[in-house]
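Biologist: Thanks for sitting down with me. Could you walk me through this protein, one question at a time?

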Amino acid sequence: MSYARVLGTGSFLPERVVTNADLASTVDTSDEWIVSRTGIRERRIAGPGETTCDLAERAARQALDAAGCLASEIDLVIVATTTPDRVFPGTACLLQERLGIHGPAAFDVQAVCTGFVYALAIAEKFIRTGSAKRALVVGAETMSRIVDWNDRSTCVLFGDGAGAVVVGASDEQGILSSHLHADGAYKDLLTVSTETPERGAASGRITMRGNEVFRMAVTTLDALVGETLAVNDLKKADIRWLVPHQANIRIIAATAKRLGMAMDQVIVTVDRHGNTSAASIPLAFDSGVRDGRIQRGDVVLMEAFGGGLTWGSVLLRY
Ligand code: COA
């Protein structure tokens, strides 16, 4: 069986920057509160006509270029998204059409902020079993469309963007292991419900019990990191880079501490992007690759948690 290796990365952010000061002019908040509680300073917001597929396409084209791969060579398209453009077809089908790919499997993965980790793990299994040779895996979100802009406890957290990787069959080691988890018992901690919105919550908009999500995130990620190291018989020092889901700098710092990693071994984008859900890990990964920090051969740990609750990790040699 061949390995599944990342051949190239890409990302895209909408042009419009919304700062904490901008938000403070519409809801009762402040730059000081947002920075001290979350580490977020600004986020990007999609333009009125800009869709999730638009963002996905820009990131995907960049990843294909970086991989030196033609769209026609892709035989699997997976888009992780919580904000698809249509109920159906899936955003992966919309993206496939934009890229001129006809025939191979294309589907969306809905695991909220853990979506990209789920999608990458699925692509790896297709490749390892010989069902695909080159997979395009994208995380793309327009979270701004499901945020309640009157709810200061959530609207300051989220942003829009997309990141992508091309994963290909290779004799060289690539993805070393993946670990996926979920527990629907926590479905109401972080949700968008159109059925029975919580009291006072807008239908079809994000509601969150922030404190409980925070505690669950730290606990589950702590166990996840231990599980990933144990399965691979690795020591903490073997991991060169942590590419975490970018929800909150305090959660990221807690995981880094658990790994005994200095913050300069962690790719952090939450300050500039906010929480872009399924797009946050591929955006951060691409930023570390493009600025030269993440080098070929480096061992990288990606980890995420999100609505579901879902949580998961991918350990890879870049
Ligand atoms: N600006 C100013 N005050 C705010 C605010 C904002 N944007 N949002 C909430 N507050 C207020 C609350 O109303 C509360 O006021 P009160 O004490 O008068 O009731 C106070 O700040 C403290 O709220 P609390 O929710 O306890 O704050 P916190 O320290 O837990 O921080 C989060 C809130 C959301 C930053 C934090 O809980 C968190 O990061 N949770 C995890 C969220 C997450 O990662 N979600 C995505 C998962 S993928």
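**Salt bridges, domains and a helix**

Modeller: Happy to. This is a predicted model, and R98 is a good place to begin: R98 is partly exposed, with a relative accessible area of 32%.

Biologist: Which residue meets the side chain of R98 in a salt bridge?

Modeller: Look for an acidic partner whose carboxyl oxygen lies within 4 Å of a side-chain nitrogen. Here the N to O distance is 2.6 Å. The partner sits in helix 3 while R98 sits in helix 4 (residues 91–99), so the pair ties together parts that are 41 residues apart in sequence. The partner counts as buried at 15% relative accessibility, and its name is E57.

Biologist: Which residues are linked with E57 and R98 in a network of salt bridges?

Modeller: The pair of E57 and R98 belongs to a network of salt bridges. The other members of that network are D54 and R61.

Biologist: How many salt bridges does a search of the whole structure find?

Modeller: Another of the pairs is R272 with D271, at 3.9 Å from N to O. In that pair R272 is partly exposed at 36%, and D271 is partly exposed at 24%. Searching the whole structure gives a total of 13.

Biologist: E172 forms a salt bridge with R5; how many residues apart are they?

Modeller: Their closest N and O atoms are 3.7 Å apart. R5 counts as buried, at 14% relative accessibility, whereas E172 is partly exposed, with a relative accessible area of 49%. E172 is in the loop between strand 7 and strand 8 (175–182) and R5 is in strand 1, so this pair links distant parts of the chain. Their separation along the chain is 167 residues.

Biologist: Now the domains. What area is buried between domain 1 and domain 2?

Modeller: Domain 1 covers 3–171 and domain 2 covers 176–317. The contact takes 54 residues from domain 1 and 44 residues from domain 2. Carbon and sulfur atoms give 61% of the buried area, which comes to about 3,700 Å².

Biologist: In domain 1, which residues lose the most area to domain 2?

Modeller: Look at the side of domain 1 that touches domain 2, which has 24 nonpolar, 18 polar and 12 charged residues. Together, the residues you are asking about make up 16% of what that side buries. They are C113, V117 and Y118.

Biologist: Which helix gives the largest share of the side of domain 1 that touches domain 2?

Modeller: Several elements each supply at least two residues to that side, among them strand 1 (3–12), helix 3 (52–67) and helix 5 (115–128). The largest share is eight residues, and it comes from helix 5.

Biologist: How many residue pairs are in polar contact between domain 1 and domain 2?

Modeller: Start with the charged pairs: the count of salt bridges between domain 1 and domain 2 is zero. For polar contacts, with both residues at pLDDT 80 or more, the count of pairs is 23.

Biologist: One last region: is helix 10 largely enclosed or exposed?

Modeller: Helix 10 runs over residues 280–290. Its buried residues include I281, L283, F285 and D286. Just after the helix, G292 takes a positive phi of about 85 degrees. Because 10 of the 11 residues of helix 10 are buried, the rest of the structure leaves this helix largely enclosed.

Key: Residues are numbered from 1 along each chain as its sequence is written. This is a predicted model: local features need pLDDT of at least 70, side-chain atom pairs count only at pLDDT 80 or more; totals for chains, interfaces and linings use all residues. Side-chain values use heavy atoms; hydrogens and water are left out. Buried means under 20% relative accessible area, exposed over 50%, partly exposed in between (1.4 Å probe, protein chains only). Helices (H or I, at least four residues) and strands (E, at least two) are DSSP runs, numbered from the N terminus. Domain bounds come from an automatic or database domain assignment. Contact means heavy atoms within 4.5 Å. Buried area is the accessible area (1.4 Å probe) that two parts lose on being put together, summed over both. A polar contact is a pair of N or O atoms within 3.5 Å; within protein, one must be able to donate a hydrogen and the other to accept it, and residues adjacent in sequence count only if both atoms are side-chain atoms. Ala, Val, Leu, Ile, Met, Phe, Trp, Tyr, Cys and Pro count as nonpolar, Asp, Glu, Lys and Arg as charged, and the others, Gly among them, as polar.
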